[in-house]
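Got a fold on screen and no idea where to start reading? Let's go through it by question and answer.

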Amino acid sequence: MFAGIGIKCLNKFCEDDKDRLMRKIAANYICLPGFPLVKNGYVILEQGRVKDVVDTGGRIREIQGLEFYGGLIVAAYVAAYQERLEEGDLLLPWLDEIYRRGGKEYQGVGIWEGADLLKLTWTNKTKFRLL
């Protein structure tokens with residue numbers, strides 16, 4: 001009987017551990033290699049890697065464990081190149097070029113906060129934050 005309780009606890013631990021390894025992160029926009037631009041969608045990360053990008057049709061609803069950030073989700077490696085951006089630069093063509101060079105294999109995502117999301121342009125207030 002004690003072993004049964006131990007197995008049950010072990011299974012619960014494994015479920016909790018799996019939840020910690022998977023994240024769902026939503027934002028105003030998502031622009032990642034290998035996926036189309038998505039407005040108000042979310043990214044599913046497993047162990048730091050993008051498993052999927054979900055297009056919600058522009059309407060985010062409450063989902064257990066969903067994190068929301070205001071801004072544009074991008075591949076983490078773009079932070080190494082962003083010093084080349086200047087006020088008013090269009091983000092999507094710039095990201096297309098960086099993603100063409102960097103490829104589709106990457107780990108981690110970040111968010112650009114403070115960009116002009118109406119025009120999808122860089123501003124001097126834009127900051128990168130690793131998620």
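What follows is a short dialogue on the sheet, the core and the salt bridges of this predicted model.

Q: Let's start with the sheet. In what order do the six strands sit, and is the sheet open or closed?
A: The general idea: strands of a sheet pair through backbone hydrogen bonds, either parallel or antiparallel. Here the sheet is open, its six strands run in the order β3-β2-β1-β4-β5-β6, and the pairing is mixed.

Q: Which strands stand at the edges?
A: Those are β3 (49-54) and β6 (127-130). Each has a single partner strand, so one side of each is left without a neighbour in the sheet. As for the twist, neighbouring strands are turned by 45 degrees against each other on average, direction ignored.

Q: How do I read an individual strand pair? Take β2 and β3: in which sense do they pair?
A: Look at the direction of the pairing, then at which residues face each other. Strand β2 (residues 38-46) pairs with β3 in the antiparallel sense, over five bridges. Glu 46 stands opposite Arg 49 in β3, and Tyr 42 has Val 54 of β3 opposite.

Q: What happens in the hairpin between β2 and β3?
A: There are two residues between the strands, and Gln 47 takes a positive phi near 50 degrees.

Q: And what about the pairing of β2 with β1?
A: That pairing is antiparallel too, over eight bridges. One point to click on is Ala 27, whose bridge partner in β2 is Gly 41.

Q: How many residues of β2 are buried?
A: Here the cut-off helps: a residue is called buried if its relative accessible area is under 20%. Seven of the nine residues of β2 are buried, so the strand is largely enclosed by the rest of the structure.

Q: Where does helix α2 pack?
A: For a helix on a sheet, check which strands the helix touches and how the directions compare. Helix α2 (residues 91-102) packs on the sheet and touches β4 (66-75) and β5 (109-113). The direction of α2 makes about 70 degrees with that of β4.

Q: How many residues does the largest nonpolar core have, and which have the most contacts inside it?
A: The core has 31 residues. Those with the most contacts inside it are Leu 32, Leu 72, Ile 73, Val 78, Leu 95, Tyr 99 and Trp 112. At least two residues each come from β1 (22-30), β2, β4, α2 and β5.

Q: Let's zoom in on one of those. What is Tyr 99 in contact with?
A: It pays to skip the sequence neighbours. Leaving aside those within four places, Tyr 99 is in contact with Cys 31, Leu 32, Pro 33, Val 74, Ala 75, Tyr 77 and Val 78.

Q: Val 74 is on that list. Is Val 74 buried or exposed?
A: Buried, with a relative accessible area of 0%. Val 74 lies in strand β4. Not counting residues up to four places away in sequence, Val 74 touches Cys 31, Leu 32, Leu 95, Tyr 99, Val 109, Gly 110, Trp 112 and Phe 128. Val 74 and Tyr 99 are 25 residues apart in sequence, yet their C-alpha atoms are 9.9 Å apart in space.

Q: On to charges. How many salt bridges does the structure hold?
A: Five. For each one, ask where the two partners sit in the sequence. In one of them, the side chains of Glu 67 and Arg 23 meet at 2.7 Å, N to O. Glu 67 lies in strand β4 and Arg 23 in strand β1, so the pair ties together parts that are 44 residues apart in sequence. Glu 67 is partly exposed at 22% relative accessible area, and Arg 23 is partly exposed at 25%.

Q: Which salt bridges does Glu 97 form within helix α2?
A: Glu 97 forms a salt bridge with Arg 100, with the closest N and O atoms 3.1 Å apart. These two lie three residues apart in α2, about one turn of the helix. Glu 97 also forms a salt bridge with Arg 101, with the closest N and O atoms 3.1 Å apart; that pair is four residues apart, about one turn of the helix. Through shared partners, Glu 97, Arg 100 and Arg 101 join into one network.

Q: How exposed is Arg 100?
A: Arg 100 is exposed, with a relative accessible area of 60%. Arg 101 counts as exposed at 57%, whereas Glu 97 is partly exposed at 31%.

Notes
Residues are numbered from 1 along each chain as its sequence is written. This is a predicted model: local features need pLDDT of at least 70, side-chain atom pairs count only at pLDDT 80 or more; totals for chains, interfaces and linings use all residues. Side-chain values use heavy atoms; hydrogens and water are left out. Two strands pair if DSSP finds at least two bridges between them. Axes are lines fitted to C-alpha atoms, for helices over the stretch in contact, and angles run from 0 to 180 degrees between N-to-C directions. Contact means heavy atoms within 4.5 Å. A nonpolar core is a set of buried Ala, Val, Leu, Ile, Met, Phe, Trp, Tyr and Cys residues joined through side-chain atoms within 4.5 Å. Buried means under 20% relative accessible area, exposed over 50%, partly exposed in between (1.4 Å probe, protein chains only). A salt bridge is a side-chain nitrogen of Lys or Arg within 4 Å of a carboxyl oxygen of Asp or Glu.
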